[in-house]
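Student: Could you take me slowly through one single part of this model, and tell me what lies around it? I would like one connected explanation rather than a list.

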Amino acid sequence: MKSLVLAEKPSVAKEIARVLGCHQKHKHYMEGPGYVVTWALGHLVTLAEPEEYDSKYKSWNLDDLPLLPSRMKLKIIRETTPQFKAIAQLAKRSDLEQLIIATDAGREGELVARWIMEMVHWKKPFKRLWISSQTDKAIRDGFASLKPGQSYDPLYRSAVCRAEADWLIGLNITRALTCKHNAQLAAGRVQTPTLAAMMDREREIKSFQAKDYWVLRAQFGSFQAVWRSQAHPDGRLFDKAAADALLDRLNKVRSAKVAQLKVTEKSEPHPLAYDLTELQRDANKRHGFTAKQTSNVLQRLYEQHKLVTYPRTDSRYLSSDMVSTLPDRLKALNVQPYAAWIKPLLAKPLPVSKRVVDDSKVSDHHAIIPTDERPQLHNLSAEERKLYDLIVRRFIALFTPAFRYDETSVTLEVGGEHFHAKGRIVKEAGWKALYEASAGADEDDDTAEDEPASRQTLPPLQPGMELKEFRLSQHKQTTKPPGRYTEAALLGVMEKHNLGTPATRADIIEKLLQTDTIERRMNTLQPTGKGAQLIELVVPELRTPELTAAWEQELERISKGKGDAGKFMESIRKQTEAIVREVKASEAEYKPHNLTHSRCPECGKPLQEIKSKRGKLLVCSDRECAYKRAAEPALSNKRCPQCLKRMEIHTGKAGKYAQCRPCNVVEMLGESGGGGRAAKRQQTQLAKQYSDNVSLGSSLEEALKAAMAKHKKD
């Protein structure tokens, strides 16, 4: 008898099949002596659409809401039907005695497998493969210690609750707002409070009133000190006259005295290992990666290259059973540019502290660390290399000493006023030396701008010492509003308020971007005009993070077998009814922020300008009207000979032509649109037809000329 193994993706199934010796390849599965390995394509099964409960729900109608099916139905995703049918056929085989769930070891992975099992009516025993990396050793060890499938029933219940809650809340609020205001308005259980947090910051920025203030500094040769007093502990004077008077008085003083001197030995322990959210934040700060980009690159490092452990973790610690694996992981990293750090660590027992290993702080998965697979760095793309480098350096840092330094604080008295300075002398760089190449990336973000550099070096000083040489200066500065959120900062806000999970936060940000409720500007995120209005239209309780955070905490309790799934879903249904009721009763109005002066040729209503993957579109503002057209001319692959930018495609009396407006360059195009792939294929075929073994590698133009010349002679 054999076991049926269900992986989440074909790439993972292929690796599992190879390790298990399944060499018979079929279109939808691979088979060996003891196993048949098949795969999903992500989700093959999902929750049914409203119209699958009743055809009347195909059209959106406010009177039909709320939609609250007594029992949620499942459906097979149309695009993946062939793979589902293949699994259903395999499930009927009499020689398969059990199923082994080998989908991703997390809430979503559990849902992928269980819904497929439900739809194929799997009644035989099943077990769970639960591994944190995709290396051959991890796969072999995992199959040697399979877990009972029922042990993960609470995780499955939590996943179902999450999916159904998102369907009920998201679908009903989106349909209610869209029908009420005749505009595409999407809201949801997690995305709405995330948008609300951004709007709160936007209001702070808009209500902020800048004020001028002055600070007084003293330059004592090689170091600088800043004035402070009990009345002004931050050293800021908002009264120019008071600042001038203070400067005039102190300019008459000829000496300064060292009033206090304190040397403190300080140390900073190494940072904790990465969980997904912290890695996304760090990659955004250091390399400008979006959260989604980090997730995608990390998944490739995990699945394709097998270089890192399970990505979608919320723990920053390792479990005690991993301590014995740490030396092998370090040995695998004994390559350039890490060898100089690895060799000393391998020469003696590893210093494993409570900041590294803590079983009480590891739930389903430990922190993200390298596997024991030796990296072939030349096989990695630039972004894969950057992300892997972050993970490796953070892993090595777990076993390096603390950053130790002496901090000297000095208070200098000048004419009865006090100036303060700090200096630092590094005693042991410790883990900080790992990051010397990216200096500044580790610096504290909240260092006050008016502070003299705390890392300056102070000369030898003694209490009571007099300093004769110093120069005073006054500096005008202006208070600044809080900054807009970077993606790193927004992830921090979502984590703080328990909005979403490490696995879903990147997708929530992307959903807000795709629905045009927020936009990226340089390296920051900010709400659009649509987002600003949407947050006012949404019921107040859905704006606050507290409700969503409470839901997330209850989902976590359910996954651990402590919560009640039935009560949770009952509360979601009641909340859905209340939300729809409030939207129906609301008298608020929505005014599209992106209306143009152009009118729809079909119904006469104003056209809206929206962004799409293919550029800007003009779409009728009436949701019932399907009219839309491109707002910008299509671009050809032909480049302007002057500025080298892609030229616009237009159609005139003489046919299609390419135009570069800034350079006023116009070139006629053939039917293929000039410069595109079709044209290049056509040219290549001509060259092959009329020439014998002409090389097309260096210059297609030369090849064509030679071919045509030969044709004329013939």
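Tutor: Let us look closely at strand β10, which covers residues 212-220, keeping in mind that the model is a predicted one. Seven of the nine residues of β10 are buried, so this strand is largely enclosed by the rest of the structure. Burial here means a relative accessible area under 20%.

We can next ask which strands pair with it. Strand β16, made of residues 471-478, pairs with β10 in the antiparallel sense, and eight bridges link the two. Strand β11, residues 223-228, also runs antiparallel to β10, and the two are joined by four bridges. The residue Q219 helps to tie this picture together, since it stands opposite R471 in β16 and also opposite Q224 in β11.

Between β10 and β11 there is a hairpin with two residues between the strands, and in this hairpin G221 takes a positive phi near 65°. Aromatic residues deserve a look as well: F220, F223 and F470 form one aromatic cluster, and of these F220 belongs to the range of β10, while F223 belongs to that of β11. Further back in the range 212-220 of β10 we find Y213, and the face of its ring has R236 lying over it, at 4.9 Å from the ring centre.

To sum up, β10 is a largely enclosed strand that pairs in the antiparallel sense with β16 and runs antiparallel to β11 as well.

Technical notes:
Residues are numbered from 1 along each chain as its sequence is written. This is a predicted model: local features need pLDDT of at least 70, side-chain atom pairs count only at pLDDT 80 or more; totals for chains, interfaces and linings use all residues. Side-chain values use heavy atoms; hydrogens and water are left out. Buried means under 20% relative accessible area, exposed over 50%, partly exposed in between (1.4 Å probe, protein chains only). Two strands pair if DSSP finds at least two bridges between them. Rings of Phe, Tyr and Trp (its six-membered ring) pair if their centres lie within 6.5 Å; planes under 30 degrees apart count as stacked, over 60 as edge-to-face and the rest as tilted. A charge sits over a ring if NZ of Lys or CZ of Arg is within 6 Å of the ring centre and within 35 degrees of the ring normal.
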